[in-house]
Amino acid sequence: MKSKGLSSYGIILAIIGIVLFSAKAVLVKLAYRFDISSEHLLLFRMLFSLPVYIVLALYTKPVQKENIKKIDYVWIFFFGFVGYYLASYFDFLGLQYIKAGLERIILFVYPTLVIIISRVFLKDVITNRQLFAILLTYIGVIITFWGEIHTETDHLILGVLLIFLSALTYATYLVGSGWLIPKFGVVSFTSYAMIVSSMCIIIQYLVFDRQDIFNYPTELYVICIIMAIFSTIIPSYLVSAAIAKLGASNFSIIASLGPVSTIVLAYIFLGENLSIIQIIGAVIVIFGVYVVSRKNKVR
């Protein structure tokens, strides 16, 4: 299978979706001021998103319904469970043992994993440009977060393993997206996958938590609604559309803009510091994205 060519439209969709997803980190920090647990915050995010996904799933038909087999719905359940639930859960568990800076560096091996999985299972071609872009963006991420690494922990190996599993499960989801989206269409695939993820989170709350979730301040629910609309629903469809246009491998490289945009948004909205080293790292990441995004010259 040949890798997809790049379109300017797909690149724009990818960048907007990535930036909106990254804004989640800023909203999470605002929400934590109200003394809410991570589990409840994730629950609210998906509870407020779920009705939209259900409505769109009911009123949108798959684009290639005649070519869809029963096993394809099993795969959607699997990728919904793995991608937006299990990857987030591993990430949350891993952050209990290692610092955020190290977490970012480990997590962003996933573009490499996407390309490896695509090559092994889908026989996608790996281009020299993709390899060079991955190298550049990963160097940029390491430079950006190097100063935040603290390894004084009793469970470093466990934390690293959990974050790597998060990267692996998310990479698996991206590859599965690139394979199933053409059959189901952007809206149907995203809606189905996000419904699965939402139900997993709700079941986790009902089985392991069941604490009161109705006594938080009104401001918190407003933040969660904003997070659901602008950092969950809208970017989830944009990302799926971008994957359909660009392919999972190219999208995963462009997604390296995620941690960079998080730093910039935190600087703008939270007043966090932005160091020269972080700016240099961000520029390297952006250049790596440019390398994979630029079109081939016409001969």
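Contact means heavy atoms within 4.5 Å. Keep that cut-off at hand for the exercises on this predicted model.

**Exercise 1. Place Y110 and list its contacts.**

Task: State which helix holds Y110, whether Y110 is buried or exposed, and which residues Y110 touches beyond four places in sequence.

Solution.
- Step 1. Find the element. Y110 sits in helix α5.
- Step 2. Check the accessibility. Buried means under 20% relative accessible area. Y110 has 5%, so Y110 counts as buried.
- Step 3. Skip residues up to four places away in sequence and apply the contact cut-off. Y110 then touches A167, Y170, A171, L174, S252 and A255.
- Step 4. Try a distance as well. Y110 and I268 are 158 residues apart along the chain, and 27 Å separates their C-alpha atoms.

**Exercise 2. Follow the contact to L174.**

Task: Say where L174 lies, how accessible L174 is, and which residues are in contact with L174.

Solution.
- Step 1. L174 belongs to helix α7, which covers residues 156–184.
- Step 2. The relative accessible area of L174 is 0%, so L174 is buried.
- Step 3. Leave out neighbours within four places in sequence. The contacts of L174 are Y110, V114, I243, A248, F251 and S252. Y110 has L174 in its own list too.
- Step 4. Compare sequence with space. L174 and S240 are 66 residues apart in sequence, and their C-alpha atoms are 8.9 Å apart.

**Exercise 3. Sort T144 and Y267 by accessibility.**

Task: Decide whether T144 and Y267 are buried, exposed or partly exposed, then give their contacts.

Solution.
- Step 1. Locate both residues. T144 is in helix α6, residues 128–145. Y267 is in helix α11, residues 257–269.
- Step 2. Take T144. Its relative accessible area is 4%, so T144 is buried.
- Step 3. Take Y267. Partly exposed lies between the 20% and 50% cut-offs. Y267 has 45%, so Y267 counts as partly exposed.
- Step 4. List contacts, again without neighbours within four places. T144 meets I263, Q278, G281 and A282. Y267 meets E272, N273 and L274.
- Step 5. Add a distance for Y267. V26 is 241 residues away from Y267 along the chain, yet their C-alpha atoms are separated by 9.6 Å.

**Exercise 4. Examine two positive phi angles.**

Task: For K123 and R210, give the phi angle, the loop and the exposure.

Solution.
- Step 1. K123 is not a glycine, but its phi is positive, about 60°. R210 is not a glycine either, and its phi is about 65°.
- Step 2. Place each residue. K123 is in the loop between α5 (110–122) and α6. R210 is in the loop between α8 (186–208) and α9 (218–246).
- Step 3. Use the cut-off: exposed means over 50%. K123 has 52%, so K123 is exposed. R210 has 65%, so R210 is exposed.

**Exercise 5. Look for disulfides.**

Task: How many disulfides does the structure hold, and how far from C200 is the nearest cysteine sulfur?

Solution.
- Step 1. The count of disulfides is zero.
- Step 2. Check C200. The nearest cysteine sulfur belongs to C224 and is 20 Å away. A disulfide needs two cysteine sulfur atoms within 2.5 Å.
- Step 3. Turn to C224. Its nearest cysteine sulfur is that of C200, and C224 is in no disulfide.
- Step 4. Check burial. C200 has 12% relative accessibility, so C200 counts as buried. C224 has 0%, so C224 is buried.

**Exercise 6. Describe the whole chain.**

Task: Give the helix and strand counts, then describe the size, burial, contacts and charges of the chain.

Solution.
- Step 1. Count elements. The chain has twelve helices and zero strands. Its radius of gyration is 19 Å, close to the 19 Å of the globule rule for 299 residues, so the chain is as compact as a globular protein of that length.
- Step 2. Box it. Along the principal axes, the C-alpha atoms fill roughly 65 × 50 × 35 Å.
- Step 3. Consider burial and surface. Buried residues make up 50% of the 299 residues. The accessible surface is about 15,200 Å², and 68% of this belongs to carbon and sulfur atoms.
- Step 4. Consider contacts. Take those between residues at least 6 apart in sequence: 90% join residues at least 24 apart.
- Step 5. Count charges. There are 22 positive and 14 negative side chains. The centres of the two sets lie 19 Å apart.

Key: Residues are numbered from 1 along each chain as its sequence is written. This is a predicted model: local features need pLDDT of at least 70, side-chain atom pairs count only at pLDDT 80 or more; totals for chains, interfaces and linings use all residues. Side-chain values use heavy atoms; hydrogens and water are left out. Buried means under 20% relative accessible area, exposed over 50%, partly exposed in between (1.4 Å probe, protein chains only). The radius of gyration is taken over C-alpha atoms; the globule rule is 2.2 Å times the number of residues to the power 0.38. Accessible areas come from the Shrake-Rupley method with a 1.4 Å probe; for residues, only the protein chains shown count as cover. Lys and Arg count as positive and Asp and Glu as negative; His and the chain ends are not counted. The place of a charge is taken as NZ of Lys, CZ of Arg, CG of Asp or CD of Glu.
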